[in-house]
Amino acid sequence: AMRDLESVIVSDEQARAVMHGATFAAPTLLAEGAGDGPFAVLDPEGELLAVYERRGAGVKPVVVCAS
């Protein structure tokens with residue numbers, strides 16, 4: 001089911017924040033023109049870290065998969 005989500009690849013620094021359930025301003029995490037989500041957030045190696053969704057002007061985790 002996750003393969004149907006729009007993917008966002010984050011930097012190592014962002015990945016650490018994602019693994020702790022951080023929220024982000026949408027432009028910080030999403031490319032211009034990104035869809036409505038939800039978004040599969042992947043580390044630089046393509047490992048699923050979390051699923052995020054838009055909330056107002058930001059994005060926040062729905063579920064964090066990484067330990």
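This briefing covers strand pairing, a cis peptide bond, a buried aspartate and a salt bridge. The model is predicted. Strand 5 pairs with strand 2 and also with strand 4. Aspartate 43 is buried without a salt bridge. Arginine 55 and glutamate 53 do form one.

**Strands**

- Strand 4 covers residues 48-55, and 6 bridges join it to strand 5.
- These two strands run antiparallel.
- One of the residues to follow here is tyrosine 52, whose bridge partner in strand 5 is proline 61.
- Strand 4 and strand 5 form a hairpin with 2 residues between the strands.
- In that hairpin, glycine 56 takes a positive phi near 60 degrees.
- Strand 2 (residues 24-25) also pairs with strand 5 (residues 58-64).
- That pairing is antiparallel too, over 2 bridges.
- Alanine 25 has glycine 58 in strand 5 as its bridge partner.

**A cis peptide bond**

- The peptide bond from glycine 37 to proline 38 is cis.
- Its omega is near 5 degrees.
- Proline 38 sits in the loop between helix 2 (26-29) and strand 3 (39-42).

**Aspartate 43**

- Look for aspartate 43 in the loop between strand 3 and strand 4.
- Is this residue buried or exposed? Aspartate 43 is buried, yet it has no salt bridge.
- The nearest side chain of opposite charge belongs to arginine 16, and it is 10 Å away.
- A salt bridge needs the nitrogen and the carboxyl oxygen within 4 Å, so a side chain 10 Å away does not qualify.
- The side chain of aspartate 43 does reach backbone nitrogens. One belongs to glutamate 45, at 2.9 Å.
- Another is the backbone nitrogen of glutamate 47, which lies 2.8 Å from a polar atom of the aspartate 43 side chain.
- Leaving aside neighbours within four places in sequence, aspartate 43 is in contact with Ile9, Val10, Ala15 and Leu49.

**The salt bridge**

- How many salt bridges are counted? The count comes to 1.
- Side chains of opposite charge can pair when their charged atoms come close.
- Here the side chains of arginine 55 and glutamate 53 meet, at 2.4 Å from N to O.
- Arginine 55 has 46% relative accessibility, so it counts as partly exposed.
- Glutamate 53 has a relative accessible area of 25%, so it is partly exposed as well.

How values were computed
Residues numbered from 1 in each chain as written. Predicted model: local features only at pLDDT ≥ 70, side-chain atom pairs only at ≥ 80, totals over all residues. Heavy atoms only, no water. Pairing = 2+ DSSP bridges. Helix = DSSP H or I, 4+ residues; strand = E, 2+ residues; numbered from the N terminus. Buried < 20%, exposed > 50% of the residue type's maximum accessible area, 1.4 Å probe, protein only. Lys, Arg positive; Asp, Glu negative; His and termini not counted. Polar contact = N/O pair within 3.5 Å; in protein donor to acceptor, adjacent residues only side chain to side chain. Contact = heavy atoms within 4.5 Å.
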